[in-house]
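Here are some worked exercises to try with the model open beside you. Attempt each task before reading its solution.

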Amino acid sequence: MTSINWTEEVDKRKEQLIRDTQEFLKIKSVLDEENATADAPLGKGVKEALDYMLQIGKKDGFTAKNVGDLAGHLEFGKGDEIVGILCHVDVVPEGDGWTSPPFSAEIRDGKIFARGAIDDKGPTMAAYYAMKIVKELELPLQRRVRMIIGTDEESNWRCVEHYFKHEEMPSMGFAPDADFPIIYAEKGIADFDLVSAKREDDREEGHDVEVLNFSSGRRYNMVPDFATVSLDVFKAQNEILQRYEEYKKQHGLGGECHVDSGMLILEFEGISAHGMEPDNGKNAGLHMSRFLAGLNIDSSANQFFEFACEYFKDSRGRKLGVAYSDDITGDLTINVGTLSYTKQAGGRLGLNMRYPVTADFEKVKAAIEKVAEAEGFTVENFSNSKPHHVDENEFLVQTLKKVYEEQTGENAELISIGGGTYARSLTSGVAFGPLFPGREDVAHQKDEYILIEDMLKATAIYAQAIYELAGK
């Protein structure tokens with residue numbers, strides 16, 4: 001193949017790449033179904049981000065296609081086969097506590113700070129510029145190159161489902177949505193709710209506190225960083241406030257309290273993290289559950305909060321009887337992403353379970369259903385995305401290993417993750433960057449950023465990868 005200095009090619013386009021990335025990140029592409037329209041089924045911001053990518057691609061001479069306002073693609077080259085690059089433009093909610101506005105794309109200390117900077121809008125723009133470089137160099141290709149742009153990766157993957165009902169499947173590809181060197185295995189991901197049975201007896205006596213309303217968390221795949229509860233306190237309110245302050249101090253939590261219309265409002269502020277490793281965060285909802293379970297609360301609420309505390313005191317499912325690990329993808333994990341309780345409706349836990357590639361899913365599911373039934377809970381809204389594993393000897397993996405090692409001088413070790421990337425949508429698909437070994441993973445956290453140096457480096461790697469995958 002032709003000898004090309006990919007780093008020099010990226011450097012020629014550096015300033016424009018940074019500017020386009022900043023403009024892209026300024027779009028608040030958070031799922032907003034409440035304000036959906038016919039041409040923006042997932043909300044205005046998500047559609048605006050999809051349109052942005054399709055428009056710059058069309059301007060640069062790519063074949064651009066909108067697929068039902070849920071996805072799209074940019075393509076160039078000729079051939080019967082397609083090399084797919086699977087990206088997404090939607091981002092998780094921004095959360096609180098940012099140093100600079102989360103959609104300002106401010107540059108500080110060589111970093112671009114914004115929600116979506118590392119997951120996945122920054123990497124999407126890097127991959128786009130990689131395609132642009134290969135196209136502008138007019139290199140000979142035997143396969144078409146197609147960037148598939150999704151809009152619902154952070155929620156229900158409706159974009160990918162819709163896309164592949166209407167468009168052909170790439171023969172191989174990668175998703176720039178995780179870590180370098182190469183992620184060849186991804187855990188299975190199951191989302192479901194555990195719902196407590198409602199109790200009808202409103203004449204209960206003997207408790208000091210009645211829980212009226214409790215909520216925490218926005219997404220199944222995020223560790224909740226905020227929880228709030230409204231309490232009707234009959235006695236010992238000062239003691240409760242003292243215990244509240246002591247609990248915050250003991251566990252390193254933030255939060256405030258106040259009285260509203262005679263009701264005591266308590267808040268906890270924890271630390272958000274990606275649901276694939278709950279232990280990286282501090283779950284404000286579970287902490288509030290533990291605090292409330294230690295008070296003399298009404299029995300219906302007590303049943304719910306005791307269950308949450310007892311069965312989810314660790315993230316590995318031990319108490320549920322589903323703990324499992326393998327050498328390919330590691331431990332089964334369970335993130336309690338949403339928690340809610342009202343006196344009228346009872347309680348609900350929204351769970352995100354990530355299980356190893358060799359786990360027996362049906363056995364795990366049956367164990368959870370058995371515990372739920374015994375404790376007066378029902379399992380609802382169960383969805384499952386099966387694990388993904390690509391053989392290390394495949395052309396795709398071997399080519400990406402070669403490219404990574406040539407560009408970095410480091411060994412391209414194969415790794416596995418608990419996260420789910422679009423790569424699992426392909427029979428032969430892996431996740432490939434953008435996070436380099438040793439770098440801080442700030443996806444889904446406040447002050448999310450991408451290092452400009454790393455973004456440029458990833459762009460060069462992607463450009464060579466595209467050329468070598470499509471040119472042979």
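Throughout, buried means under 20% relative accessible area, exposed means over 50%, and partly exposed is in between (1.4 Å probe, protein chains only). The model is predicted, so local features need pLDDT of at least 70 and side-chain atom pairs count only at pLDDT 80 or more, while totals for chains, interfaces and linings use all residues. Residues are numbered from 1 along each chain as its sequence is written, and side-chain values use heavy atoms, with hydrogens and water left out.

**Exercise 1. Classify the ring pair of Tyr-163 and Phe-164, then that of Phe-192 and Phe-382.**

Step 1: Recall the rule. Rings of Phe, Tyr and Trp (its six-membered ring) pair if their centres lie within 6.5 Å; planes under 30 degrees apart count as stacked, over 60 as edge-to-face and the rest as tilted.

Step 2: Apply the rule to Tyr-163 and Phe-164. Their centres are 5.1 Å apart with 90° between the planes, an edge-to-face pair. Tyr-163 is buried at 1% relative accessible area, whereas Phe-164, at 21%, is partly exposed.

Step 3: Turn to Phe-192 and Phe-382. With centres 4.8 Å apart and planes at 5°, this pair is stacked. Phe-192 belongs to strand β10 and Phe-382 to strand β19, 190 residues apart; strands (E, at least two residues) and helices (H or I, at least four) are DSSP runs, numbered from the N terminus. Phe-192 is buried at 0%, and Phe-382 is partly exposed at 25%.

Step 4: Put the pairs in context. The structure holds 31 aromatic pairs.

**Exercise 2. Which parts of the chain does the salt bridge of Glu-167 and Lys-65 tie together?**

Step 1: Fix the criterion: a side-chain nitrogen of Lys or Arg within 4 Å of a carboxyl oxygen of Asp or Glu.

Step 2: Check the distance. Glu-167 and Lys-65 meet at 2.6 Å, N to O.

Step 3: Locate the partners. Because Glu-167 lies in the loop between α5 and β7 (172-175) and Lys-65 in strand β1 (residues 63-67), the bridge ties together parts 102 residues apart in sequence. Glu-167 counts as buried at 14%, and Lys-65 is partly exposed at 37%.

Step 4: Repeat for Glu-75 and Arg-146, whose closest N and O atoms are 2.6 Å apart. Glu-75 sits in strand β2 (residues 71-76) and Arg-146 in strand β6 (residues 144-150), so this bridge joins parts 71 residues apart in sequence. Glu-75 is buried at 11%, and Arg-146 is buried at 4%.

**Exercise 3. Describe the largest pocket by its volume and lining.**

Step 1: Set up the search. On a 1 Å grid over the protein atoms alone, a cavity is a set of points where a 1.4 Å probe fits but cannot get out, and a pocket is an open set with protein on both sides within 12 Å along at least five of seven lines; lining residues have an atom within 4 Å of a point. Grid points are joined across faces, edges and corners, and a volume is the space filled by probe spheres set on the points.

Step 2: Read off the result. The largest pocket has a volume of about 920 Å³. It is lined by 45 residues, and Glu-153, Ser-155, Trp-157, Ile-189 and Gly-420 are the closest to its centre.

Step 3: Find the contributing elements. Those giving two or more residues to this lining include α5 (158-166), β10 (188-196) and β19 (377-385).
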